[in-house]
Amino acid sequence: MDFQGLLYPNTYFPWIPEWYIEFSGDPLIGGLLRGEEGLVWFKCFLLLELLFQFPVFLLGMRGLWKGSRSIYILILFYGASTATTTLPCIFHVIGSDALSTGQMWMLLSSYIPFFLLPLGMAVDMAFRIYGIMEKGSVDKKRE
């Protein structure tokens, strides 16, 4: 859904965004697809998601599947980037006057996990990297 406003015209699958916006009232996706001004920041976030977050998510899954500790730093960046770009979206939804209570809770129930899970990943990776560095520091002192 996020990439439809960036990658291909609405004419290919016009019923998908129409149904989603009618159902959810999402002021971000709806505003973007309607061409509303003032959402340049959101379009920038979507480009970041397309060009960085989505590919890094796939690389991170592969690295974790293979048990590679070298992927930790990239996952840390992914988690921090994703949490940072999702938080303003949450506040934008909370501040929207056009949403019913049901629509707001439905949107928040989808946006909040996209904030909390990456934030948790960033914190987890930070502690893992710190542990690796601390172990290396202790090992170096023993030499």
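A residue counts as buried under 20% relative accessible area, as exposed over 50%, and as partly exposed in between, with a 1.4 Å probe and protein chains only. This tour uses those words for a predicted model, in which local features need pLDDT of at least 70 and side-chain atom pairs count only at pLDDT 80 or more, while totals for chains, interfaces and linings use all residues. Residues are numbered from 1 along each chain as its sequence is written, and side-chain values use heavy atoms, with hydrogens and water left out.

Begin by colouring the chain by pLDDT, the predictor's confidence in each residue, from 0 to 100. The mean is 89, and 85% of the residues reach 70 or more. Helices here are DSSP runs of H or I with at least four residues, numbered from the N terminus; helix α1 (residues 4–7) has the lowest confidence, at a mean of 60, whereas helix α5 (residues 72–94) has the highest, at 97. Where pLDDT is low, the predicted coordinates should not be read in detail.

Next, select residues 40–59, 71–94 and 114–133, to which an unreviewed UniProt entry gives the feature "transmembrane region"; such annotations may be inferred rather than shown by experiment. Residues 71–94 are 96% helix, with end C-alpha atoms 34 Å apart, and residues 114–133 are 100% helix, with end C-alpha atoms 29 Å apart.

Then turn to the largest nonpolar core, a core being a set of buried Ala, Val, Leu, Ile, Met, Phe, Trp, Tyr and Cys residues joined through side-chain atoms within 4.5 Å. This core has 17 residues, of which L28, F42, V93, L107 and Y111 touch the most other members. Two or more residues come from each of α3 (27–34), α4 (40–65), α5 and α6, and α6 gives the largest share, five residues.

Stay with helix α6 (residues 101–142) and select F127, which counts as exposed because its relative accessibility is 59%. Together with I112, L116, L119 and V123, F127 makes a nonpolar surface patch of about 440 Å².

Finally, look for the two salt bridges, each a side-chain nitrogen of Lys or Arg within 4 Å of a carboxyl oxygen of Asp or Glu. In helix α6, D124 and R128 lie four residues apart, about one turn of the helix, and their side chains meet at 3.0 Å, N to O. The other place to select is R34 with E36, whose closest N and O atoms are 2.8 Å apart; R34 is exposed at 53%, while E36 is partly exposed at 40%.

Methods. Patch = residues over 30% accessible without salt bridge, like charges linked within 9 Å, V, L, I, M, F, W, Y side chains within 5 Å. Areas by Shrake-Rupley, 256 points an atom, 1.4 Å probe, with all protein chains shown as cover.
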